[in-house]
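Good morning, and thank you for the opportunity to present. I would ask you to keep the sequence and the structure in view while I speak.

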Amino acid sequence: MSLKSRVLALCLSSACLGLACNQQPKVAPADGVTPGAGGGGGPARGGSGGSLEGGNTGTGGGGGGIILPDASTAGATGTGGSSVDADFGDSAACGLENFKLERVPPEIMLVLDRSSSMNEPVVGGMPGATLWSDALAAVDDVLKTTQMQVRWGLKLFPLPTGCQVADGAEVVVSPNNHMPMMDKIRLHSTNTTGAGNMGGTPTDLAMSKAVAYLNSVAATSKNPKYVVLATDGEPTCAAGQSAAQFAARPAALDAIRAAVTAGYKTYVIGIAIDPQGIAVLNDMAIAGGVPRNDPSTKFYPAANKADLSQALNLIAGQISSCVFPLSKSPPDSMQVRVTVDGQRVPPNPTEGWSFTSAANTAIQLNGSYCDKLKGSNAADVAIVFGCPSNPVN
């Protein structure tokens, strides 16, 4: 072989070695870290590959030259490899994921006010009817018709001492709970021990105890959980003590917000609320995360048995028909597509879909989308997860 041929072969071999040394596997970098530029090749040596530092994916290293017998360098340093898009790591790590959703029974903790004021007569009601007797009849009717679709539990407040609330649940959340709950409600009846501290409304403690119970069973049941707070007036206690409105109101609102933070949205039913109590009940309903779509009354007003039955049925019907747990939370809550029978549903808490909690572990259909779903047991509900590099369309 001639010297010229040997030089050409050595050049080709060296160039191949240089390129092989510089070819780097495509590895998805960590968030915010993308490969930098690779070095060029020197004599008899290929350039190094790009590092995993810097702002953009860099070029590969160039091929090395060779040294001729007369010590002169043959061939130029090899050129660098081509660059690639910096976001390949995101697209490799996150793709579109499709899930078909199945409805499961939600769990509702009914937090029921049994303070002495519940013994007041129903305005315009049947002779002898009280707020408590109407509430009892309404709960009885609703539990009978919804116990197969909803797992109910019961938290009564207060204890006979007025501003105190027992730990745990009077009736634990369970399917077919109609009779256990009604037996317990009839057994406890209302607080008739008097006014003042003996007849208080400890809304903050009632909510805190309900949340503590739901937290205690969260590990054994992944079903979506809610609180329904039914009360006949403003809170009058704070931290177990009789308190003025300026202390009792914020304490109740804080407890409701804590329930929502824990993952338990709270529906508020106001039983025969006086006009002066509307503002605080509205605030409580807004804090609960699921207010009514009404400009003036955000809680569910109930003046009598019929109103209370309607409110409980509306709440139970919406939750039982329109909540879908997720097997996992989406990687990007802004890249989610929900469809019902192939129709796109917009993200909207009143007319569309929304997450049921800050943890994004379930979705709920709202407004007309929920209404349509109730009339179709065979509806196909699906969700698609995307990410910034693979957005949903």
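**Disulfides, backbone and pockets**

Let me begin at one cysteine: Cys237 is buried, with a relative accessible area of 1%. Please bear in mind throughout that this is a predicted model.

To which residue is Cys237 joined by a disulfide? The partner is Cys163, and the S to S distance is 2.0 Å. In general terms, a disulfide is a covalent bond between the sulfur atoms of two cysteines. This pair links distant parts of the chain, 74 residues apart: Cys163 lies in the loop between β5 and β6, and Cys237 lies in strand β8, residues 237-238. Cys163 is buried as well, at 1% relative accessibility. The disulfide is left-handed, because the torsion about the S-S bond of Cys163 and Cys237 is about -70°.

How many disulfides does a search of the whole structure find? The search finds two. The other pair is Cys322 and Cys370, with sulfur atoms 1.8 Å apart. Here the torsion about the S-S bond is about 90°, so the disulfide between Cys322 and Cys370 is right-handed. Cys322 belongs to helix α8 and Cys370 to helix α9; the two are 48 residues apart, and the bond again links distant parts of the chain. Both Cys322 and Cys370 are buried.

I now turn to the chain as a whole. The protein chain contains nine helices and 17 strands. It has 393 residues, and buried residues make up 46% of them. Among contacts with a separation of 6 or more, 68% are between residues 24 or more positions apart. One pair of residues distant in sequence is Arg257 and Ala287: they are 30 residues apart in sequence, yet 5.6 Å apart in space, C-alpha to C-alpha. Arg257 sits in helix α6, residues 245-261, and is partly exposed at 43% relative accessibility. As for the surface, the protein chain exposes about 18700 Å², of which carbon and sulfur atoms supply 56%.

Next, some details of the backbone. The loop between β5 and β6, already mentioned for Cys163, is also the place of Pro158. Phe157 and Pro158 are joined by a cis peptide bond, with omega about 0°. Strand β5 covers residues 151-157 and strand β6 covers residues 171-174.

Two asparagines also deserve attention. Asn176 has a positive phi of about 55°, although it is not a glycine. Its place is the loop between β6 and α4, the latter covering residues 178-188. Asn360 likewise has a positive phi, near 55°, and is a residue other than glycine. Asn360 is in the loop between β15, residues 353-355, and β16, residues 362-365.

Is each of these asparagines buried or exposed? Asn176 is partly exposed, with a relative accessible area of 43%. Asn360 has a relative accessible area of 16% and counts as buried, because buried means under 20%.

Finally, I come to the pockets. Rolling a probe the size of a water molecule over the atoms shows where empty space is left.

The largest pocket holds about 630 Å³ of space. Which residues lie nearest its centre? They are Pro291, Arg292, Asn293, Tyr300 and Gln318, out of 24 residues that line the pocket. The elements that give two or more residues to this lining are β10 (265-271), β11 (300-302), α8 (305-322) and α9 (368-374). Helix α8 provides the largest share, five residues. Helices α8 and α9 are also the two that carry Cys322 and Cys370. By class, the lining of the largest pocket has nine nonpolar, nine polar and six charged residues.

The second largest pocket holds about 550 Å³ of space. It is lined by 28 residues, and the closest to its centre are Asp232, Gly233, Ala272, Ile273 and Asp274. Strands β10 and β11 are the elements that give two or more residues to this lining, and both strands also do so for the largest pocket. The classes here are twelve nonpolar, twelve polar and four charged residues.

To close, I would recall the two disulfides, the cis peptide bond between Phe157 and Pro158, and the contribution of β10 and β11 to the second largest pocket. Thank you for your attention.

Conventions: Residues numbered from 1 in each chain as written. Predicted model: local features only at pLDDT ≥ 70, side-chain atom pairs only at ≥ 80, totals over all residues. Heavy atoms only, no water. 1 Å grid on protein atoms, 1.4 Å probe; cavity = no way out; pocket = protein on both sides within 12 Å on 5 of 7 lines; lining within 4 Å. Points joined across faces, edges and corners; volume = space filled by probe spheres on them. Helix = DSSP H or I, 4+ residues; strand = E, 2+ residues; numbered from the N terminus. Nonpolar A, V, L, I, M, F, W, Y, C, P; charged D, E, K, R; others polar. Buried < 20%, exposed > 50% of the residue type's maximum accessible area, 1.4 Å probe, protein only. Contact = heavy atoms within 4.5 Å. Areas by Shrake-Rupley, 256 points an atom, 1.4 Å probe, with all protein chains shown as cover. Disulfide = S-S within 2.5 Å.
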